[in-house]
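Work through these exercises with the model open beside you. Try each task before you read its solution.

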Amino acid sequence: MTITPPTHPGEPVALYAEFTALPGRGDEVAALLVGLTVDVRREPGNVTFDPHRRVSDPLEFFVYEVYRDADAFQAHITAAYGVVFNAALGDMIEGQGSELTWLTPLTV
């Protein structure tokens, strides 16, 4: 799988992913996401991987992610455990997968 983030070489890749669990599947999605989080946070190029569940609707999930650069992001999305996660997640959520929103970190 190739997803090209809209960044310049060497810049961090920041994004958030959103998806909605099917009715009755929210706790399964949460457990699956917790397992993925452990693996992703061990990736050498991962800076932040913070999964959340919406208070207003516990079927909705939000994950904030930052990677060192585009190469680190590419390593993330091609990791074997990620492929397994996405295959399992696909049967538990609405739509065709996570909706990704790209972010540009501000320099402070």
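**Exercise 1.** Leaving aside its neighbours within four places in sequence, which residues is glutamate 99 in contact with?

*Solution.* This is a predicted model. Begin with the location: glutamate 99 belongs to strand S4, residues 99-103. Next, set aside the neighbours within four places in sequence; the contacts are then Tyr16, Ala17 and Glu18. Now take one of these partners, glutamate 18. In sequence, 81 residues separate glutamate 18 from glutamate 99. In space, their C-alpha atoms are 5.2 Å apart.

**Exercise 2.** Find the span that H1 should have, and check it against its end C-alpha atoms.

*Solution.* Helix H1 runs over 26-40. It has 15 residues, and the rise is 1.5 Å a residue. The expected span takes 1.5 Å times one less than the number of residues. That gives 21 Å for H1, and the end C-alpha atoms are 21 Å apart, so the two agree.

**Exercise 3.** Sort residues of H1 into buried and exposed, and say where the buried ones lie.

*Solution.* First, the buried set: Gly26, Val29, Ala30, Leu33, Leu36, Thr37 and Val40. These residues cover an arc of only 125° around the axis, so they sit on the same side of H1. Recall the helix rule: with 3.6 residues a turn, residues three or four places apart point the same way. Then turn to the other side of H1, where Asp27, Ala31 and Val34 are exposed. Last, look for the packing partners. The buried residues of H1 pack against S1, strand S2 (46-53), S3, H2 and H3.

**Exercise 4.** Do the same for the buried residues of H2.

*Solution.* Helix H2 covers 70-77. Its buried residues are Ala72, Phe73, His76 and Ile77. Viewed down the axis, they fall within an arc of 130°, so they line one face of the helix. Their packing partners are S1, H1, S2, S3 and S4.

**Exercise 5.** Describe the largest pocket: its space, its lining and the source of that lining.

*Solution.* Start with the space, about 400 Å³. Then count the lining: 23 residues. Nearest the centre of the pocket lie His76, Phe85, Asn86, Ser98 and Leu100. Of these, His76 is also one of the buried residues of H2. Next, sort the lining by class: 15 nonpolar, seven polar and one charged. Finally, trace the suppliers. Strands S1 (13-20) and S3 (60-67) and helices H1, H2 and H3 (80-90) each give at least two residues. The largest share, five residues, comes from H3.

How values were computed: Residues are numbered from 1 along each chain as its sequence is written. This is a predicted model: local features need pLDDT of at least 70, side-chain atom pairs count only at pLDDT 80 or more; totals for chains, interfaces and linings use all residues. Side-chain values use heavy atoms; hydrogens and water are left out. Helices (H or I, at least four residues) and strands (E, at least two) are DSSP runs, numbered from the N terminus. Contact means heavy atoms within 4.5 Å. On a 1 Å grid over the protein atoms alone, a cavity is a set of points where a 1.4 Å probe fits but cannot get out, and a pocket is an open set with protein on both sides within 12 Å along at least five of seven lines; lining residues have an atom within 4 Å of a point. Grid points are joined across faces, edges and corners, and a volume is the space filled by probe spheres set on the points. Ala, Val, Leu, Ile, Met, Phe, Trp, Tyr, Cys and Pro count as nonpolar, Asp, Glu, Lys and Arg as charged, and the others, Gly among them, as polar. Buried means under 20% relative accessible area, exposed over 50%, partly exposed in between (1.4 Å probe, protein chains only). The arc is that of the directions from the helix axis to the C-beta atoms.
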